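Subject: Structure handover

Hello,

Please find the structure below, with its sequence. My notes on what was found in it follow.

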Amino acid sequence: MKAKDFFIEIQQLENTIKSKKFMARSYRALAEGLQSPSYSDMPKNPNRPLQPMADALGKAMEIERDIIVLEQSLVEKKTIAMNIIYELVHNEYQVVLIKRHFEKKSWGQIMSTMYYSKSGIYKLYNQALDEFTRRLNREVDLSRPE
């Protein structure tokens with residue numbers, strides 16, 4: 001597996017978790033009956049149906065269980081990535097990968113903090129990715145049962 005693909009998987013997991021958290025909050029809001037306020041002196045129906053609220057709460061709980069599984073997978077992948085980054089020989093490789101993939105810095109921010117030109121930072125980043133890929137593939141080979 002290539003390093004870029006591995007980091008893309010991490011980013012996709014993070015995005016999926018964010019969207020599922022939003023959906024769970026939305027279902028919970030529906031279950032609690034949060035609606036825009038209506039100002040009326042008319043009495044409410046005491047026998048309003050509770051089934052849609054229960055369904056919404058059940059769906060929220062189901063999504064929250066999915067989130068737990070996804071978060072565990074995300075932690076595992078990030079732990080693998082951090083362990084590999086920690087083992088990289090060149091500190092600059094570590095810095096550029098952490099700034100780009102964990103701190104979510106833009107290329108301009110990375111260039112200014114590391115004092116590299118645009119072409120220099122891209123070259124450094126590609127070298128770091130190559131080294132990361134070698135170590136990732138070695139780790140995957142070691143973890144396979146024979």
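Lys78 is partly exposed, with a relative accessible area of 27%. Its salt-bridge partner is Glu14, and the closest N and O atoms of the two are 2.7 Å apart. Glu14 belongs to helix 1 (residues 3-31) and Lys78 to helix 2 (residues 51-87), so this bridge ties together parts of the chain that are 64 residues apart in sequence. Please keep in mind throughout that this is a predicted model.

Is Glu14 buried or exposed? Glu14 has a relative accessible area of 13%, and because the cut-off for buried is under 20%, Glu14 counts as buried.

Glu14 also takes part in a second salt bridge, with the side chain of Lys104, at 3.0 Å from N to O. That pair links distant parts of the chain: Glu14 sits in helix 1, while Lys104 sits in the loop between helix 3 and helix 4, 90 residues apart. So Glu14 has salt bridges both to Lys78 and to Lys104.

Lys104 deserves a second look for its backbone. Its phi is positive, at about 60 degrees, although Lys104 is not a glycine. The loop that holds Lys104 runs between helix 3 (91-101) and helix 4 (107-114). With a relative accessible area of 41%, Lys104 is partly exposed.

Which other residue should be checked for a positive phi near 60 degrees? Tyr115 has such a value, and Tyr115 too is a residue other than glycine. Tyr115 lies in the loop between helix 4 and helix 5 (118-143). Tyr115 is exposed, with a relative accessible area of 74%; the reason for that label is that exposed means over 50%.

Back to the salt bridges. Helix 1 and helix 2 are also connected through Arg28 and Glu64: Glu64 lies in helix 2 and Arg28 in helix 1, and the two form a salt bridge with the closest N and O atoms 2.8 Å apart. This pair ties together parts that are 36 residues apart in sequence. Both ends are partly exposed: Glu64 has a relative accessible area of 27%, and Arg28 has one of 30%.

There is also a group of charged residues to look at. Glu87, Glu131, Arg134 and Arg135 are linked in a network of salt bridges. How many salt bridges does the structure hold? The count is 11. The pairs described above are among them, including Glu14 with Lys78 and Glu64 with Arg28.

Now the protein as a whole. Its secondary structure comes to 5 helices and 0 strands, and from the N terminus on the elements run α-α-α-α-α. The protein has 146 residues, and buried residues make up 28% of them; Glu14 is one of the buried residues.

As for contacts, consider those with a separation of 6 or more. Residues 24 or more positions apart account for 72% of these contacts in the protein.

Last, the surface. The protein exposes about 10400 Å², and carbon and sulfur atoms supply 55% of that area.

If you want somewhere to begin, open the model at Glu14 and follow its salt bridges to Lys78 and Lys104. From Lys104, the loop between helix 3 and helix 4 can be inspected, and then Tyr115 in the loop between helix 4 and helix 5.

Regards

Terms used. Residues numbered from 1 in each chain as written. Predicted model: local features only at pLDDT ≥ 70, side-chain atom pairs only at ≥ 80, totals over all residues. Heavy atoms only, no water. Helix = DSSP H or I, 4+ residues; strand = E, 2+ residues; numbered from the N terminus. Buried < 20%, exposed > 50% of the residue type's maximum accessible area, 1.4 Å probe, protein only. Contact = heavy atoms within 4.5 Å. Areas by Shrake-Rupley, 256 points an atom, 1.4 Å probe, with all protein chains shown as cover. Salt bridge = Lys/Arg side-chain N within 4 Å of Asp/Glu carboxyl O.
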